Amino acid sequence: MHADRSSQTAEGATFIRTLHQQLPAAERVLHDPWVVQLALFGQRWMARIPFLARQCLRKFPRMVDYVPVRDRFGDEVIDKAVGGGTRQVVILGAGLDTISYRTLSRHPDCVLYEVDHPATQAMKLRRAKRLAAKFGHAIRYVAADFEVDDFREKLITAGFQPNQPSVFIWMGVIYYLSEDAVKQTLSRARDLMTVGSPLALDFWPPSLTEATGDPNFEARRKTYAKMGETLKFGIEPRDLADFVRPLGYGVNQVESINALCRKYVRREMQVAEGMSAAAIVAEPRG
Ligand SMILES: C[S@@+](CC[C@H](N)C(=O)[O-])C[C@H]1O[C@@H](n2cnc3c(N)ncnc32)[C@H](O)[C@@H]1O
């Protein structure tokens, strides 16, 4: 990411969430009354005018489900952990996600920690003033660049207790990082987790993150690169267990985004096979 420029893909995810809220209730994967407060004026305007919203939904039918589907998966991982007694929730690469507000509305006794790139976090804090007034007492912010910063001490200083169970959510981020940063971040998170604590993440296969020569795909890669969020890291679902084992995790659940979409809304999203969400769990270290 550019050091001084907030995440453009976070703006994109917010537009998708805003549009998703325009779907009929029965077709929605999750209820998010807060997202509209984080959307840009133009995004809000487009989503609220029925004709424009319908055009966007028609033009980007897959995207409109992808983000809410992975959100719902993450929310379910949080609900299960909180049901088992966990009260600490860490959102890595929080962007403009409303996950903290969603979580606190279901579990008011949780403490949320949002870790994000400094430029994106500063932008969110400016934009989320009203939401911060409503939920701020229970949300703590830690600024860190996953490529260079160690967030462990900062999280502990913010009140995180490594000897207590926690749940980590890392959605929409790892494909923009180097493999080294993905490993370092997972390893640092593991240092803060008790055995059995879960971490949910989504990931894409290398065919979607590495150069393929396909002109359409290369054009899309260039768009991400221009935004400062170059696609870098991909992994196949079958390789996830071997990748995370040396970092101190076991794989609890891996789901394709297509399968999750069929499960949540009984419709096919038809994103590339291999786009997946997973819950990995901290294991005893040898
Ligand atoms: C597509 S957004 C996803 C945001 C959020 N998780 C969501 O689901 O809406 C990508 C996020 O990754 C963060 N990110 C990308 N590269 C990063 C880095 N090197 N260090 C910290 N955060 C990074 C951005 O700041 C942004 O919040």
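## Helix α9 and its surroundings

The elements that cover the buried residues of helix α9 include β1, β4, β5 (198-203) and α11 (240-244). This is a predicted model. The buried residues in question are Val 182, Thr 185, Leu 186 and Ala 189. Viewed down the axis of α9, they fall within an arc of 95°, so they line one face of the helix. An α-helix has 3.6 residues a turn, so residues three or four places apart point the same way.

The length of α9 can be checked as well. Helix α9 covers residues 179-191, and at 1.5 Å a residue its 13 residues should span 18 Å. The C-alpha atoms at its ends are 18 Å apart, which agrees with that expectation.

## The sheet

Seven strands form an open sheet with mixed pairing, in the order β3-β2-β1-β4-β5-β7-β6. At its edges are β3 (139-143) and β6 (249-256), each of which pairs on one side only. From one strand to the next, the twist averages 20°. Strands of a sheet pair through backbone hydrogen bonds, either parallel or antiparallel.

How do β6 and β7 run, and how many bridges join them? The two strands run antiparallel, and seven bridges join β6 to β7 (residues 276-282). Val 254 stands opposite Ala 278 in β7.

## Helix α5 across the strands

Another helix, α5 (residues 99-106), lies across four elements of the sheet: β1 (88-92), β2 (111-116), β3 and β4 (166-170). Helix α5 runs at about 170° to β2. Strands β1 and β4 are also among the elements that cover the buried residues of α9.

How values were computed. Residues numbered from 1 in each chain as written. Predicted model: local features only at pLDDT ≥ 70, side-chain atom pairs only at ≥ 80, totals over all residues. Pairing = 2+ DSSP bridges. Axes fitted to C-alpha atoms, helices over the stretch in contact; angles between N-to-C directions. Contact = placed C-beta atoms within 7 Å. Expected span 1.5 Å × (residues − 1). Buried ≥ 20, exposed ≤ 12 C-beta atoms within 10 Å, placed from the backbone. Arc of directions from axis to C-beta.
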